[in-house]
Amino acid sequence: MSNTALFGDKTIIEERQGEAMEMEGPVASNGKKLFLESYGCQMNFSDSEIVASVLIREGYTTTKNEDEADVVLLNTCSIRENAEQRVRNRLTEFKKRKENKPSLVVGVLGCMAERLKTNLLEEEKLVDLVAGPDAYRDLPNLITEVEGGQKAVNVLLSREETYADISPVRLDQNGVTAFISIMRGCDNMCSFCVVPFTRGRERSRDPHTIVEEAQELFDKGYREVTLLGQNVDSYRWNLTKKGEIENPEKPTVNFAQLLEMVALVDPELRIRFSTSHPKDMTDEVLMTMAKYKNICEYIHLPVQSGSTRVLEKMNRGYSREWYIDRIDAIRKYMPNCAISTDIITGFCTETDEDHQDTLSLMDYVQYEYAYMFKYSERPKTLAERKYEDDVPEEAKQKRLLEVIDKQQAHSLMRNEQAVGKVYEVLIEGTSKRSDDQLFGRNSQNAVIIFPKGDLQKGQYVNVRVVSCTAATLLGEVVVD
Ligand code: 5AD
Ligand code: SF4
């Protein structure tokens, strides 16, 4: 289930779990088939499109059928322990498969590759190939090494790699919505998070290649792009962290300006972005969002905790008051903006009082959606080195359930508020429920289902919401 199409009956939104991706027709086939399975965040799914692009250029065809694969690559996630466990189980399956088909190449990509490096080859003997997030250009060589009877590893992290010149093949495309990666890595060092170790230093991609990619997608019929980065608010081109100009000969671009550049590609192209960081989200970004109708009124603003004391321990760089100020600013510029968040329960030293602070913050914001997690200690992170994982499992679980309950009530309330209102919806495809129904999202990112009529995906249509559950809005097309 995608992170964007959330809120089925499941309110704990985990990382996406192993989806095989496929696309049509290679350039000149080398006769080999690639089975590529992705886990985790949107960035990983976007990276898989780079991986596919690199290998399709070499003549590989992608397949969704693991039985016919010559090369199996799993693009993995390390964010929580259970994400890694799932991949290990999957790798054990492929190890068995290799017993019957010794020529099968099995590789691990992404965050687990970077975190575990050669362990997966040597100690666990689960794979032939390990490639970190900055090593995807090297994949053809690495596969050749494996085919020559060796094990292959490239886990070098780069300060420059943005894959700016690689045009991603759109896997599993609906032809309407696509991701564009605008930066890589993260420099924030939140104390619970493994990402700075697995994805390396933050670097921004050349803005002109981003605008070009958006334009190309639009020309192919796409009508929505999501700009991706771990912390999009710190996107900067030709600017230092302090905001000083690096090269006076070249133009500078910050995130607000990048948003504007992409918004100007075409008023019919919707823009979304993820993820925003409360410490860096500026009023300039909010004003730009308010100025352009095609920049969607939706912000994912992870809070993690409502307690300033815990936020400090998490090294998030903001207090509860600061976060509330950012929420107030969003509401000031865009009263109808939807806001979602990430929450961790049971972080080191979290008391019941801290937990109550999280619940009261949720009451203040009344999020449209939330992704909610129990704290999972990750090796080498600041928290693992400095603090004890001292909240008992039962307390973590109890608090998580309370957070989920509250969120469900807020989601239902938000959906009920939408009933009777008319929204512009971008149609993304046929509903899973029935072939006679379409689904799409409004600017606020809520999924709305409505009767098909003569409509098609890629069109904008006005829909009145007639009823809802906590998960979905049901609507009817408004004829003007
Ligand atoms: N334990 C639990 N949740 C975590 N996240 C990141 N690291 C951890 C961890 N160690 C959550 C945060 C982040 C989201 C992507 O995953 O809420 O925003
Ligand atoms: Fe992890 Fe924090 Fe960076 Fe997000 S901002 S990827 S939570 S370190």
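Cys77 is buried, at a relative accessible area of 8%. This description rests on a predicted model. Cys77 belongs to a group of three cysteines, Cys41, Cys77 and Cys111, that an unreviewed UniProt entry lists under "binding site". A second group with that annotation in UniProt, also from an unreviewed entry, consists of Cys186, Cys190 and Cys193. The points below cover both groups, the surroundings of ligand 1, and then helix 8, Lys279 and Glu428.

**Cys41, Cys77 and Cys111**

- These three residues span 71 residues of sequence but cluster in space, with a largest C-alpha distance of 10.7 Å.
- Cys41, Cys77 and Cys111 are in the lining of the largest cavity.
- Cys77 sits in the loop that runs between strand 4 (71-76) and helix 2 (81-100).
- Cys111 is part of helix 3, which covers residues 110-116.
- With 8% relative accessible area, Cys111 is buried, because the cut-off for that class is under 20%.
- Beyond residues up to four places away in sequence, Cys111 touches Thr76, Cys77, Ser78, Thr198 and Arg199. One of these contacts, Cys77, is itself in the UniProt "binding site" list.

**Cys186, Cys190 and Cys193**

- The lining of the largest cavity also takes in Cys186, Cys190 and Cys193.
- Cys190 is found in the loop between strand 9 (183-184) and helix 6 (195-199).
- The relative accessible area of Cys190 is 9%, so this residue is buried.
- Outside its neighbours within four places in sequence, Cys190 contacts His277, Met314, Asn315 and Arg316.
- Cys193 likewise lies in the loop between strand 9 and helix 6.
- Cys193 is buried, at a relative accessible area of 14%.
- Once neighbours within four places in sequence are set aside, Cys193 is in contact with Ile79 and Thr381.

**Ligand 1**

- The residues around ligand 1 are Ile79, Arg80, Phe192, Gln304, Asp342, Ile344, Phe373, Lys374, Tyr375, Ser376 and Arg378. Among them, Ile79 is also a contact of Cys193.
- The backbone of Phe192 provides a polar atom 3.0 Å from a nitrogen atom of ligand 1.
- The side chain of Gln304 has an N or O atom 2.6 Å from an oxygen atom of ligand 1.
- An oxygen atom of ligand 1 also lies 2.5 Å from a polar side-chain atom of Asp342.

**Helix 8**

- Helix 8 takes in residues 255-263, and its buried residues are Phe255, Ala256, Leu258, Leu259, Val262 and Ala263.
- These residues lie on the same side of helix 8, because they cover an arc of only 160 degrees around its axis.
- The elements covering the buried residues of helix 8 include helix 7 (207-219), strand 11 (224-228), strand 13 (253-254), strand 14 (270-274) and helix 9 (283-291).
- At the N-terminal end, helix 8 is capped by Asn254, which has a side-chain oxygen 3.2 Å from the backbone nitrogen of Ala256.

**Lys279**

- Lys279 is located in the loop between strand 14 and helix 9. Strand 14 and helix 9 are among the elements that cover the buried residues of helix 8.
- Lys279 counts as partly exposed, with a relative accessibility of 28%.
- Leaving out neighbours within four places in sequence, the contacts of Lys279 are Asn188, Asn231, Arg316, Gly317, Tyr318 and Trp322. One of these residues, Arg316, is also in contact with Cys190.
- The side chains of Lys279 and Asn188 make a polar contact of 2.9 Å.
- Another polar contact, also of 2.9 Å, joins the side chain of Lys279 to that of Asp280.
- Lys279 and Thr430 are 151 residues apart along the chain, and their C-alpha atoms are separated by 39 Å.

**Glu428**

- Glu428 is placed in strand 18, residues 422-430.
- Its relative accessibility is 8%, so Glu428 counts as buried.
- Not counting residues up to four places away in sequence, Glu428 touches Asn174, Val176, Thr177, Phe439, Gly440, Arg441 and Lys457.

Key: Residues are numbered from 1 along each chain as its sequence is written. Chains are lettered from A and ligands numbered from 1 in the order in which they are written. This is a predicted model: local features need pLDDT of at least 70, side-chain atom pairs count only at pLDDT 80 or more; totals for chains, interfaces and linings use all residues. Side-chain values use heavy atoms; hydrogens and water are left out. Buried means under 20% relative accessible area, exposed over 50%, partly exposed in between (1.4 Å probe, protein chains only). Helices (H or I, at least four residues) and strands (E, at least two) are DSSP runs, numbered from the N terminus. The arc is that of the directions from the helix axis to the C-beta atoms. Contact means heavy atoms within 4.5 Å. A polar contact is a pair of N or O atoms within 3.5 Å; within protein, one must be able to donate a hydrogen and the other to accept it, and residues adjacent in sequence count only if both atoms are side-chain atoms. UniProt positions are given in the numbering used here, feature names are shortened, and annotations may be inferred rather than shown by experiment. On a 1 Å grid over the protein atoms alone, a cavity is a set of points where a 1.4 Å probe fits but cannot get out, and a pocket is an open set with protein on both sides within 12 Å along at least five of seven lines; lining residues have an atom within 4 Å of a point. A residue is near a molecule or strand if one of its heavy atoms lies within 4 Å of it.
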